[in-house]
Amino acid sequence: MTRIADLPASEYVLPGNRACAGCGIGIGLRAITKALDGRVVMTVPASCLTVLGGMYPTTSVELPWINVAFPSTAAAAAGAAAGLRAMGKADDMTVLAMAGDGGTGDIGIQALSGAAERNDDFIYLCYDNEAYMNTGTQRSGLTPQGARTTTTWSGKHENPKDLPRIMEAHGIPYVASTSAAYPTDVYDKVVKARGIHGLRYIHMNTPCPSGWSFDPKDTVRLGKLAVECGIVVLYEVEGGVFRLTGRSAQLAKSGKPLTPVAEYIATQGRFKSMTTEAIADVQEWVDGRWAGYVERNSAE
Ligand SMILES: Cc1ncc(C[n+]2csc(CCOP(=O)(O)OP(=O)(O)O)c2C)c(N)n1
Ligand code: SF4
Ligand SMILES: [Mg+2]
């Protein structure tokens, strides 16, 4: 596993951008673009990521970046990949479609599913800040149970969609789950994905101080706490073979109980209307998923 000190010094996400202080997206994007060594064409729909990228004529990223209509991120990426192939540049450049949880799991899922079924040649990276943040925190299909948003005033009632699992069901060559709180885990997964052809899907948790209501200094601490609790699990599925990675692999190997989800829930204002029963419900859901991951990890 790559160490922070070994990450390339090259920077494609420049200092100073329009994202909120402490935003997890910038941390993740730095690691992603280092892994692609700037040899990338991005397709990006409306989101906090476009805010981070900046408004014409100024930008905080030194990359070819195409802003596309909301549902078409994967379709635009498929077109860009076909264009590179026609120009004989497919081995030299990677196409990266990058969108939020709303833009991926709700609005863009049909184009993404179609591209996965065709096994189009690009990386799709969903950064998951767990709501429609750019428009002021509305619920998405990936918002966790109990989270208060402007469309779920008393807390969301449903558990989030398991998008990596949905993508895995398409039989694509590479699926991974990672967290911006672990930039080297992000980096290693993007490096691996870069070396594979076909549709590669990476799901990256990105803590959001504004929408989750926590102090911007705690972004990495909270991202790591989500992994300690098993709410976010670091893993990859390569050629159909499942493997826990990084801190999640260590936790599974230790065999010790995970940190209770109540500790994570207590750190964020968005969960403040959760009852003891609702927290117990989430704990049960997390325990069931974690047991499944551990079993799969040891079986494969
Ligand atoms: C077709 C369309 N519908 C709605 C919008 C308004 N809109 C812009 S950004 C956004 C939220 C996107 O949420 P997500 O994909 O999770 O990204 P985030 O803002 O959280 O980074 C919405 C609803 C739009 N630009 N285009
Ligand atoms: S609202 Fe959240 S995701 Fe969006 S820029 Fe601010 S911190 Fe980042
Ligand atoms: Mg979002």
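Let me start at one residue pair: Glu236 has its bridge partner in β8, and that partner is Arg243. Keep in mind that this is a predicted model.

That pair sits in a longer match. β7 and β8 run antiparallel, joined by four bridges. Together they form a hairpin, with two residues between the strands. Look at Gly239 in the turn. Gly239 has a positive phi of about 55°.

Now widen the view to the sheet. How many strands does the open sheet have, and in what order? There are eight, and the order is β2-β1-β3-β4-β6-β5-β7-β8. The pairing is mixed. β2, residues 65–67, and β8, residues 241–244, stand at the edges. Each has a single partner strand, so one side of each is left without a neighbour in the sheet. From one strand to the next, the twist averages 20°.

Strands in a sheet pair through backbone hydrogen bonds, either parallel or antiparallel. We have examples of both here. Take β1, residues 40–44. β1 pairs with β3 in the parallel sense, over four bridges. Met42 has its bridge partner in β3, namely Leu96. Then take β5 and β7. Those two pair in the antiparallel sense, again over four bridges. Val175 stands opposite Val237 in β7.

Next, the helices. Start with α7, residues 183–194, which lies across five named strands: β3, β4, β5, β6 and β7. Against β5, α7 runs at about 165°.

α7 also has a helix partner. Two packed helices are described by the angle between their axes and the distance between the axes. For α1, residues 24–35, against α7, the angle is about 35° and the axes are 8 Å apart. The crossing of α1 past α7 is right-handed. Which residues meet there? From α1 we have Ile27, Gly28, Arg30, Ala31, Ile32, Lys34 and Ala35. From α7 we have Pro183, Val186, Tyr187, Val190, Val191 and Arg194. By class, that contact has nine nonpolar residues, one polar and three charged.

Second helix pair: α3, residues 73–86, and α5, residues 109–118. They pack at an angle of about 40°, and their axes are 6 Å apart. α3 and α5 are therefore oblique to each other. On the α3 side, the contact is made by Thr73, Ala74, Ala75 and Ala78. On the α5 side, Ala111, Leu112 and Ala115 make the contact. Six of the contact residues are nonpolar, one is polar and none is charged.

On to the ligands. Ligand 1 first. The shell around ligand 1 has 16 residues, and the closest are Cys48, Gly100, Gly102, Gly103 and Asn134. Which elements give two or more residues to that shell? They are α2 (48–53), β3 (94–100) and α4 (101–106). α4 gives the largest share, three residues. By class, the ligand 1 shell has seven nonpolar residues, eight polar and one charged.

Now ligand 2. Along the chain, its surroundings begin with Ala19, Cys20, Cys23 and Ile25, among others. Cys48 and Val51 are also there, as are Asn129 and Met133. So are Cys208, Pro209, Ser210 and Gly211. α2 and α8, residues 209–212, each supply at least two residues of this shell. The largest share is three residues, from α8. Nine residues of the ligand 2 shell are nonpolar, three are polar and none is charged.

Put the two ligands side by side. Cys48 is among the closest residues to ligand 1, and Cys48 also lies in the surroundings of ligand 2. α2 contributes two or more residues to the ligand 1 shell, and at least two to the ligand 2 shell.

Last, two backbone details. Most residues other than glycine have a negative phi, and most peptide bonds are trans. Where does this model depart from that? One place is the bond joining Tyr56 and Pro57, a cis peptide with omega of about 10°. Pro57 lies in the loop between α2 and β2. Another is Thr137, with a positive phi near 70° in a residue other than glycine. Thr137 lies in the loop between β4 and α6, and α6 covers residues 163–168.

That is the tour. Happy to take questions.

Notes:
Residues numbered from 1 in each chain as written. Chains lettered and ligands numbered in written order. Predicted model: local features only at pLDDT ≥ 70, side-chain atom pairs only at ≥ 80, totals over all residues. Near = placed C-beta within 6 Å. Nonpolar A, V, L, I, M, F, W, Y, C, P; charged D, E, K, R; others polar. Axes fitted to C-alpha atoms, helices over the stretch in contact; angles between N-to-C directions. Parallel < 35°, antiparallel > 145°, perpendicular 65-115°, else oblique. Contact = placed C-beta atoms within 7 Å. Pairing = 2+ DSSP bridges. Left-handed = near helix turned anticlockwise from the far one by under 90°.
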